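Okay, thanks everyone, let me get my screen up. I'd like to walk you through one model today, going from the sheet to a few helices.

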Amino acid sequence: MNPSSGPATSNGTATATVVADAGVRVRPPVVDACSLVYDDAGWRVYLNRLGENAPEYLDVFSASFCRYFGASHTAYRDALALRRQDAVDVLLPPGRPPFDLAAHLADRERQGVTREFAMGSPERLPDGRTVNEWLLETVRGVTDRVQVWAGLSLRDPAGALRELERSAAAGARGLCVIPFLDGTDPADPRFSPVWDAAAAAGLPVWLHTGHHFARSHPSGLGSWRTVEALAGRHRELLLVAGHAGWPDVQEMLLTAARHPGVFLEFSSHRPRHMPKPGSGWEPLLHHARGMARDRVLFGTSTWVNPGPTGSLADELAALALPAEVVTAWLSGNAEALAARAAGTRAG
C-alpha cells in the first residue's frame, strides 16, 4: 500500500508525514502495541476462551471475526445460534494454510510496522504447550520484530506467578492480563506478588481496561480505578491501559499524569472517529500536546478492525495533531517504554 498519510489538514496543522528527498511523503514507523500472532490452534484457544468466559464477544463482534477470517457472516450467525464450536469451525475450516511467520513479517513490513507486542495466553494447546510457550518458540529468531507479552490468568495467583517466571526466563518482554475473562480484580492484594515480580523483572503489563461485554462480570473490572490502585501501590510497575480505559479516557489520562509508569493504548478504536463529538476521545486530543504526548501508544487488537494496519496508522496521521505527537504515538512512546523496561532488566 502507499504509505502516504495525505496532505496537511484543512486548518493548516501539519500531519505526521515528512517529505523525503524524492518528494514522497513517508509516514513514521509504527509499533503495534497490541497484536495477536497465532496459528489456527492458537486462534481456536483464543475464540474458545472468549466463548467460555465472555460469549457475548462472539456475538457482538461477529462481523469483525468474519471479515478477519474471510468467512461467511450468514453461515457464522447460523452456526452460532446452534453451537459455539460450529461457529468457530466456520471461521477456521479444515484446509486453511498454516501460519507462516515470514509472510506475517513481510506483511507487517509493508504496513510500516517495525515492531509489535504480541499478546499471549496461559491456555493450553492440543499439543500440551501453552500459547505463551508456542509464541515464544515461534518468534525466537525475530525478537527485534516481535516481542512476546505473556498472558496470565489471575484465577490462580500462584499459577500466575509461576507462568510469569517461566515466560520471563524464556524471553517474554511483557505481560497481558484480561480481568473480565478471569472475573478477578487485579487490584486485590492477593495479586501483589505478581505485580512485584513483574516490576522487578522489568515486564510491563498490558491490562484490559474500560468497557467490556461480559455480562456475567462487573463493568468496573479493569477500570481507571484499578490502574490508579496498582500504580500507587507498585511504584516501579509499568502499566499499559489497554483501550485507554474508554469511555473514561479523561480519568485514565489523569491517572497517567499522576503516575509516570502508566501509558494509554487505544487499540480497538479507530483514530478517524476520535475527533467526532461524543466519541469520548476528546480529552486525549485536547491534551495531545501536553500530558498525553508521551503516554499514548498505537495498537490494533488485530481482528477488531480487520483492515491494513497502515490504514489505521494513516488515520492517526491525518488528525489535526503536530507531527511530533503523531510520531510519538505511532512508535516513539512504545520504543521508549521498551527501552525503559530493558533498562530495568539489565539493572
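I'll start with the sheet, then turn to two helix pairs. One thing up front: this is a predicted model, so please keep that in mind throughout.

Right, the sheet. It's an open one with eight strands, in the order 3-4-5-6-7-8-9-10, and the pairing is parallel. So which strands stand at the edges? Those are strand 3, residues 30-35, and strand 10, residues 296-297. Each of them has a single partner strand, so one side of each is left without a neighbour in the sheet.

Let's zoom in on one pairing. Strand 5 covers residues 146-152 and strand 6 covers residues 174-177; they run parallel, and four bridges join them. If you want a spot to click on, try W149, whose bridge partner in strand 6 is G174.

There's also an annotation here. UniProt, in an unreviewed entry, puts the feature "domain: Amidohydrolase-related" at residues 122-337. In our model, that span is 39% helix and 12% strand, and its end C-alpha atoms lie 24 Å apart.

Okay, helices. Take helix 3, residues 62-69, and helix 4. Their axes are 9 Å apart and the packing angle is about 130°. That makes helix 3 oblique to helix 4, given that the roughly antiparallel label is for angles over 145 degrees. The crossing of these two is right-handed. Who touches whom? On the helix 3 side we have S62, A63, F65 and C66, and they meet H73, Y76 and R77 in helix 4. By class, the contact of helix 3 with helix 4 splits into four nonpolar residues, two polar and one charged.

Now the next pair along: helix 4, residues 73-82, with helix 5, residues 84-91. Here the axes come within 6 Å and cross at roughly 160°. Helix 4 and helix 5 are therefore roughly antiparallel to each other. The crossing of helix 4 and helix 5 is right-handed.

What does helix 4 bring to that contact? A75, Y76, A79 and L80, which meet R84, D86, A87, V90 and L91 in helix 5. In class terms, the contact of helix 4 with helix 5 has seven nonpolar residues, two charged and no polar ones.

And one residue to remember is Y76: it's in the helix 4 contact with helix 3, and it turns up in the contact with helix 5 too.

That's me done, happy to rotate things if anyone wants another look.

Terms used: Residues numbered from 1 in each chain as written. Predicted model: local features only at pLDDT ≥ 70, side-chain atom pairs only at ≥ 80, totals over all residues. Heavy atoms only, no water. Axes fitted to C-alpha atoms, helices over the stretch in contact; angles between N-to-C directions. Parallel < 35°, antiparallel > 145°, perpendicular 65-115°, else oblique. Left-handed = near helix turned anticlockwise from the far one by under 90°. Contact = heavy atoms within 4.5 Å. Nonpolar A, V, L, I, M, F, W, Y, C, P; charged D, E, K, R; others polar. UniProt positions renumbered as here; feature names shortened; annotations may be inferred. Pairing = 2+ DSSP bridges.
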